[in-house]
Amino acid sequence: MTMKTALITGSTSGIGEGIARVLAAKNYNIVLNGFGNKKAIKELQSDLEKGGVGVFYSDADMSKPRQIKKMIDGAVKKFGRLDLLVNNAGIQHVDNIEDFPAEKWDAVLTVNLSSAFHTIQSAIPYMKKQGFGRIINIASAHGLVASAKKSAYVAAKHGIIGLTKVVALETAEMDITCNSICPGWVLTPLVQNQIDAIAKNDGISIKEAEVKLLSEKQPSKQFTTVDQIGELVAYLAGDTAKNITGSAISVDGGWTAQ
Ligand code: NAD
């Protein structure tokens, strides 16, 4: 049987790394991408390879369209096909709108939204040619509802849900789907920074800061794990999910049910 190939942007940390680990365990060849310590990335690569799958690392910067195209072409050259594209790379900046630096707005929109336009534009021709494709955009609860101080992030995440729907319509008659996953709080370095900031500002322990963060938005008062997101990605990537397209699927402990 031909092995499937998955490319996950921003997979050197957090949710992306978790998705890569779940998919490697399910026998996908993996294209890793993201920034970070070279030694740690090599270790992650060897770890994934232990299960017998192929792993290719691209250091493409998701704010650079030419590097994005090179990454997608390189992935197909290496593994012969690209079955699953997961747009996960993301950054955050938190400020009131009047204090929000314009260059931070541009950076958040570029990495969290425009990068997905470029990856999808490069990947779709290969998916059409092979007659199969799955595109999954890691949006956020902030793609469905807002929080103060997150103008760029909320705009980008609402935008990626719109982009998801358009791609779903344009590929609806093929075995290609495009969906968004909308996590609430998942404990990753991106969220740990926010917990550390609460603990410092309020003079409370890390545990108390975690409870405070969860209590404000997530009724389950539990973090989603990166494995849980990985398993949902694997399900959406499979044959049985072929009629799920254009959806925004919440994994948020009830956040957006409120
Ligand atoms: P993280 O900071 O742990 O990981 C982000 C990844 O993106 C890293 O691998 C980083 O190197 C990569 N990255 C950042 N800028 C890049 C660039 N220009 N080019 C290439 N790679 C780049 O964050 P995370 O919490 O794992 O978040 C992953 C995604 O999930 C993001 O899109 C985020 O918005 C979304 N999300 C996270 C949560 C959460 O609670 N953690 C909730 C909802 C949505």
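How many salt bridges does the rule find across the interface of domain 1 and domain 2? Zero. A salt bridge here is a side-chain nitrogen of Lys or Arg within 4 Å of a carboxyl oxygen of Asp or Glu.

Before you start: this is a predicted model, where local features need pLDDT of at least 70, side-chain atom pairs count only at pLDDT 80 or more, and totals for chains, interfaces and linings use all residues. Residues are numbered from 1 along each chain as its sequence is written, and side-chain values use heavy atoms, with hydrogens and water left out.

**Stop 1: the two domains.** Select 5-185 + 223-257 for domain 1 and 187-222 for domain 2. The bounds come from an automatic or database domain assignment. Their C-alpha centres lie 25 Å apart. In the contact (heavy atoms within 4.5 Å), domain 1 places 17 residues and domain 2 places 16.

**Stop 2: the interface.** About 1300 Å² is buried between the domains, 63% of it from carbon and sulfur atoms. Buried area is the accessible area (1.4 Å probe) that two parts lose on being put together, summed over both. Now select W185, F223 and G253. They supply 56% of the area that domain 1 buries against domain 2, more than any other three residues.

**Stop 3: the aromatic pair.** Select W185 and W255. The structure holds one aromatic pair. The ring centres of W185 and W255 are 5.4 Å apart and the planes meet at 45°, so the pair is tilted. Rings of Phe, Tyr and Trp (its six-membered ring) pair if their centres lie within 6.5 Å; planes under 30 degrees apart count as stacked, over 60 as edge-to-face, the rest as tilted.

**Stop 4: a salt bridge.** The whole structure has twelve salt bridges. One of them joins the side chains of R21 and E17 (3.1 Å, N to O).
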